[in-house]
Amino acid sequence: MSASPLPERLNAASVFVDAHLKEGRGPKAAILCGDDVVTYDDLACGVNRVGNLLKSLGLRMEERVALILPDCPAWAFAFFGAMKIGSVAVALNTMLLPKDYEYLLSDSRARAVFIHASMLDHIEPIRARLKHLEHVLVVGGSAPGCLCFEEAVRAMSPCLEAADTSKDDMAFWLYSSGTTGFPKGAVHLHHDMIVAADAYARNTIGLRESDVSFSVAKLFFAYGLGNGLYFPLRMGATTVLLPERPTPDRVFATLDRYQPTVFYSVPTSYAALLHVADKQGRTSLGRVRMCVSAGENLPKHLYEKWLERFGVEIYDGIGSTEILHIFISNRPGAVRPGSTGQVVQGFEAKIVDERGQEVPPRHVGTLLIRGDSTAACYWNKHEASKHTFLGDWINTHDKFLVDEDGFFWYAGRTDDMMKVSGQAVWPAEVESILQEHPAVLESGVIGTADPDGLIKPVAYVVLKDGAPAGPDLARELQEFVKKKTAPHKYPRAVVFVEALPKTATGKIQRFKLRELAAEQTPLHHPPRRE
């Protein structure tokens, strides 16, 4: 892998924020959020004021600054403000419990946290135990013992010189979303966002300066951070931020109000949007010219239904917190429905067996990726780092096969595969088939031991509105799968649930389904709605 052509001395805030003022974009809208229009001039002032505020509080280079905020302009100010002074921004999931924040704030040793007033009750019970946290800056309100963000930044200078950082200095951390348990802090460097934006946004999907982007995925995880912030900022474009939960009605309302041209979402959300559009008879996405999907594999039928209804392609891809954004993707003029696409320029991929040897085309193996946006390591997780970061390569722990044309096809996570009657079964295949049934909104498939101790597939199914849960539908779904794949792959039990446990990115948390299965032993009971 050739060395990065970026200069040795580099501060990401200068690239994504300050550069636009020099290039004459100061009056242009950078962020649209509710009734707020934040120009590039406003963005630069906000970032500088936050940087000066942090310096006034004694924050130094490499010290961590946590963000527990909804998607809003203050998020961008805090993220790049911390980075501009050489501190490290730590973006945290806004949907966690106090015990989770206790771990994350302690693990990162954050000295300051920006938190929305509505989230204060999530850290107040644990604040006395956070021995590294010194400053709590409240956005959208005030509280005893805390600084009011709006008042504090208003008193700061809008001028700030960027810290003399290296392209390889720590810039921000993102914690893994926890599909298999405890999150790990991926340490990203100042050059990583530039590499990812140029490789994917600019050179793969062709994002333009004239585009307006809107992402259902939130800023606190890797996919949403690129979509909703540094991709459009790299291009000098405009982003739309939605602070609230992205329900289908809110998403459609946002598309109607702001008329974005590029829409990013996840398969779960695409399915929910289609369901609502079917009921409402909606066939328009306004000015959207392309859609992007990641987070989980996008089933072929879901792509086809979306294209048929709205006339806009979805470019499915795969990325990760560790690699920062998408590294394999479909793209304009090269879409193969059901596949994850081809390697993004600037990255390399290989599929290996258990011994680390490359496998031939159409053989399933573990996907390894090499690229310069990859995190340096997991913070304070030496053994986990050694297991994932393999020199220049990173083990994605995803199973794939690649066809003769270089298109990659997802098979599942390394620990998802189950052996049924001595044969491999990948949950993703069964879930994709189930989702083709008109009554099914989504499903999660795991392996569960039957009364004889043998592993059999079990499907947890979320139904569309009005579909009748019960034994008859369960049997119908089992037969539906049998007709479309090998007989040993059909679910031996179907459990109807209101929702599937997921990460913030929309990935199914199978370990939680396994815990649920252990409690309910579904193979011993008739299907039922939870």
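Which residues are buried in helix 10? They are H301, L302, Y303, W306 and F310. I start there, and I should say at once that we are looking at a predicted model.

What do those buried residues pack against? There are several partners for helix 10: helix 8 (248–258), strand 12 (262–265), helix 9, strand 13 (290–293), strand 14 (314–319) and helix 12 (427–434). Right after helix 10 comes G311, and its phi is positive, near 70°.

Helix 10 also takes us to the cavities. A search of the whole structure gives four of them at 30 Å³ or more. Rolling a probe the size of a water molecule over the atoms is how one sees where empty space is left. The largest cavity has a volume of about 80 Å³. Its lining includes H301 and L302, and both of these are among the buried residues of helix 10 that I just listed. The rest of the lining of the largest cavity is A271, L274, H275, D278, K305, Q435, V440, L441 and K464.

Where does that lining come from? At least two residues each are supplied by helix 9 (267–280), helix 10 (300–310) and strand 24 (440–449). Helix 9 gives the largest share, with four residues. Sorted by class, the lining of the largest cavity has five nonpolar residues, three polar and three charged.

Next, strand 24 itself. Eight of its 10 residues are buried, so strand 24 is largely enclosed by the rest of the structure. Strand 24 runs antiparallel to strand 25 (residues 455–463), and nine bridges join the two. To find one of them on the screen, look at A449, whose bridge partner in strand 25 is I455.

Now to strand 20, residues 393–402. How many of its residues are buried? The count is 10 of the 10, so strand 20 is largely enclosed by the rest of the structure. Both of its faces are covered. On one side the buried residues are W393, N395, H397, K399 and L401. On the other side they are I394, T396, D398, F400 and V402. Please note that charged side chains are on this list too: K399 is buried on one side and D398 on the other.

Strand 20 has several pairing partners, and I will take them in turn. With strand 18 the pairing is antiparallel, over four bridges, and L368 has N395 of strand 20 as its bridge partner. With strand 19 (residues 389–390) there are two bridges, again antiparallel. There, L390 is matched with W393 in strand 20. Strand 19 and strand 20 make a hairpin with two residues between the strands, and G391 in this hairpin has a positive phi near 65°.

Strand 21 (residues 408–413) is another partner. It pairs with strand 20 in the antiparallel sense over five bridges, and one pair to look for is F400 with Y410 in strand 21. These two strands also form a hairpin, this one with five residues between them. In its turn, G406 has a positive phi of about 85°.

Glycines aside, two other residues with positive phi are worth pointing out. One is R362, with phi near 70°, in the loop between strand 17 (348–352) and strand 18 (365–370). Another is E62, with phi near 75°. E62 is in the loop between helix 2 (40–56) and strand 3 (64–68). Is E62 buried, partly exposed or exposed? With a relative accessible area of 44%, E62 is partly exposed.

Strand 3, which follows that loop, brings me to the last topic, an open sheet. Seven strands form it, in the order 7-6-5-3-4-8-9, with mixed pairing. Which strands are at the edges? They are strand 7 (147–148) and strand 9 (185–189), each of which pairs on one side only. At one of these edges, strand 9 is joined to strand 8 (residues 170–175) by five bridges, and the two run antiparallel. Y175 has G185 in strand 9 as its bridge partner.

Helix 3 (residues 73–84) packs on this sheet. It touches strand 3, strand 4 (88–91), strand 5 (112–116), strand 6 (135–139) and strand 8. The direction of helix 3 makes about 170° with that of strand 3. That is where I stop.

Note on methods: Residues numbered from 1 in each chain as written. Heavy atoms only, no water. 1 Å grid on protein atoms, 1.4 Å probe; cavity = no way out; pocket = protein on both sides within 12 Å on 5 of 7 lines; lining within 4 Å. Points joined across faces, edges and corners; volume = space filled by probe spheres on them. Buried < 20%, exposed > 50% of the residue type's maximum accessible area, 1.4 Å probe, protein only. Pairing = 2+ DSSP bridges. Contact = heavy atoms within 4.5 Å. Axes fitted to C-alpha atoms, helices over the stretch in contact; angles between N-to-C directions.
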